[in-house]
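Dear colleague,

Please find below the structure that I am handing over to you, together with its sequence. My findings follow directly after it.

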Amino acid sequence: MLTSLIAGFLASAVLIVAIGAQNAFVLRQGLRREHVLAVVAVCALSDLLLILAGIGGLGAVVTARPSAVTVIRWVGAAFLTAYAIMAARRAMRPTRLTPAERAPATLGATVLTCLALTYLNPHVYLDTVLLLGSVAQRHPHRWIFGLGAAAASLAWFTALGAGAHRLAPLLARPAAWRVLDGLIAVVMLGVAASLIAG
């Protein structure tokens, strides 16, 4: 059980750490110290729901059509490889993340923006529902794997939102993004290789 919990935590952490629109939004809200708790809650609860949907829904697919999981595994490996290539390119040409300057938003507008960045992003379905769901099927305790994945999501978004203001000086330097993107590229290639090895 502990192995599945740790595997779920690590698999989710690798996917979540990649800087995308949702993470950039959480970082920006953290840097501005604006509705951080609400944003973290929306992100973590959304991931929990999507992880549970992936694990629960793919169980039936595995039983009925094991070939579907093979396709999902290959698509996931291709997606992660593409992500790794993009991260490697960013590492070659590092930039910095600067929060947009604008007037403070209302809580409602902030939550709606966070929901849109979460549910209108096609990558969230591939990552959280299909990829994590298919990886969970390979563990004897798939729901414990899901618990580990959800814990990683909660830990990441909490750390990102609460600690963003402390990262401001670091994130102002392109070299920091070079290191982060380089690590993301290596880890994602490793996960893609493990999926292909199946």
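Please note that this is a predicted model. I begin with the pocket and then turn to two helix pairs.

The residues lining the largest pocket comprise nine nonpolar, eight polar and two charged ones. In total, 19 residues form this lining, and those nearest the centre of the pocket are Leu15, Ile16, Gln22, Asn121 and Asp127. Two or more lining residues come from each of the elements α1 (2–17), α2 (21–32), α5 (107–119) and α6 (122–136). Among these, α6 provides the largest share, with five residues. The volume of the largest pocket is about 300 Å³.

The first helix pair to consider is α2 with α5. Their axes cross at roughly 155° and come within 9 Å of each other. Because an angle over 145 degrees counts as roughly antiparallel, α2 is described as roughly antiparallel to α5. The crossing in which α2 passes α5 is left-handed. On the α2 side, the contact is made by Ala21, Gln22, Phe25 and Gln29, while α5 contributes Thr110, Thr113, Cys114, Leu117 and Thr118. By class, the residues of this contact are four nonpolar and five polar, with no charged residue. Gln22 thus appears in two settings: Gln22 is among the residues nearest the centre of the largest pocket, and Gln22 also takes part in the contact of α2 with α5.

The second pair is α1 with helix α8 (residues 174–197). Here the axes lie 10 Å apart and the packing angle is about 135°; the two helices are therefore oblique to each other. As α1 passes α8, the crossing is left-handed. Val14, Leu15 and Val17 of α1 meet Leu180, Ile184, Val187, Met188 and Val191 of α8. The residues of this contact are eight nonpolar, with no polar and no charged residue. Leu15 deserves a second mention, since Leu15 belongs to the contact with α8 and is also one of the residues nearest the centre of the largest pocket.

With kind regards

Technical notes. Residues are numbered from 1 along each chain as its sequence is written. This is a predicted model: local features need pLDDT of at least 70, side-chain atom pairs count only at pLDDT 80 or more; totals for chains, interfaces and linings use all residues. Side-chain values use heavy atoms; hydrogens and water are left out. On a 1 Å grid over the protein atoms alone, a cavity is a set of points where a 1.4 Å probe fits but cannot get out, and a pocket is an open set with protein on both sides within 12 Å along at least five of seven lines; lining residues have an atom within 4 Å of a point. Grid points are joined across faces, edges and corners, and a volume is the space filled by probe spheres set on the points. Helices (H or I, at least four residues) and strands (E, at least two) are DSSP runs, numbered from the N terminus. Ala, Val, Leu, Ile, Met, Phe, Trp, Tyr, Cys and Pro count as nonpolar, Asp, Glu, Lys and Arg as charged, and the others, Gly among them, as polar. Axes are lines fitted to C-alpha atoms, for helices over the stretch in contact, and angles run from 0 to 180 degrees between N-to-C directions. Angles under 35 degrees count as roughly parallel, over 145 as roughly antiparallel, 65 to 115 as roughly perpendicular and the rest as oblique. A crossing is left-handed if the near helix is turned anticlockwise from the far one by less than a right angle, and right-handed if clockwise. Contact means heavy atoms within 4.5 Å.
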